[in-house]
Amino acid sequence: MEIDQAKRLLTHLFQTQRVAVLATQGERGPYTSLMAVAATDDLKHILFATGRATRKFQNIRRNPRVALLLDNRSPGKSRTNYAVTAVGKTEKIAGEEREALQKIFLSKHPDLRPFVAAPDSAFLKCFVEEYVIVANFQDVTVIKPE
């Protein structure tokens, strides 16, 4: 898959899919969570929110490296044409940057506004180091955001 085609595919995926599986590493091993996500237009960051008391947040505090898995499945259909794993490092967002990135996230998930604004919630961004796109279960393309 060519780089431009891969970027178009990623953009479409983030426009049409609302959730991803977040993988973190805890003291007792790997841990996964289903998360509402949004991406910046340049695909460099994936945004999400979580409660500060959650296992996933504690795992991220200990080890900020994460993976997120998205795919283009439709409800009721088992076949997946492509799946994407994004790998990167996560950090909390604060100040003016938080306001700007929250607009992106909340435009996709307006129903989560009270959760994102709650004092016991953390708003996070994953700096994507690479995307691994698997099409038709075997064709692999790796791209790094510029």
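A residue is taken as exposed when its relative accessible area is over 50%, as buried when that area is under 20%, and as partly exposed in between. In this predicted model, Lys 144 has a relative accessibility of 54% and therefore counts as exposed. With that scale in hand, the charged pairs make a pleasant place to start.

The count of salt bridges comes to five. One of them joins Lys 144 to Glu 130, with the closest N and O atoms 3.4 Å apart. Glu 130 sits in strand β7, whereas Lys 144 belongs to the segment after β8 (139-143), so this contact ties together parts that are 14 residues apart in sequence. On the strand side of the pair, Glu 130 is partly exposed, at 24% relative accessible area.

Strand β7 (residues 121-135) also supplies Glu 129, which pairs with Arg 65 of strand β5 (residues 65-71). Here the closest N and O atoms are 2.7 Å apart, and the two residues are separated by 64 positions, so to speak, linking distant parts of the chain. Both partners fall in the middle category: Arg 65 is partly exposed at 39%, and Glu 129 is partly exposed at 38%.

A further salt bridge starts from Lys 125, whose partner is Glu 97, and its closest N and O atoms lie 2.3 Å apart. This pair, too, connects distant parts of the chain: Lys 125 is in strand β7 and Glu 97 in helix α3 (residues 95-108), 28 residues apart. The two ends see their surroundings in unlike ways. Lys 125 has a relative accessible area of 4%, and because the limit for burial is under 20%, this lysine is classed as buried. Glu 97, in turn, is partly exposed, with a value of 34%.

Attention can now turn from the charged pairs to helix α2, which spans residues 55-62. Its buried residues are Lys 56, Phe 57, Asn 59 and Ile 60. Viewed down the axis of α2, these residues fall within an arc of 160°, so they line one face of the helix. The cover over the buried residues of α2 includes strands β1 (19-26), β2 (29-36) and β4 (45-51). Strands β5, β6 (82-92) and β7 are also among the elements that cover them.

Two of these covering strands are already familiar from the salt bridges. Strand β5 contains Arg 65, and strand β7 contains its partner Glu 129; strand β7 likewise holds Lys 125 and Glu 130.

Methods:
Residues are numbered from 1 along each chain as its sequence is written. This is a predicted model: local features need pLDDT of at least 70, side-chain atom pairs count only at pLDDT 80 or more; totals for chains, interfaces and linings use all residues. Side-chain values use heavy atoms; hydrogens and water are left out. A salt bridge is a side-chain nitrogen of Lys or Arg within 4 Å of a carboxyl oxygen of Asp or Glu. Helices (H or I, at least four residues) and strands (E, at least two) are DSSP runs, numbered from the N terminus. Buried means under 20% relative accessible area, exposed over 50%, partly exposed in between (1.4 Å probe, protein chains only). The arc is that of the directions from the helix axis to the C-beta atoms. Contact means heavy atoms within 4.5 Å.
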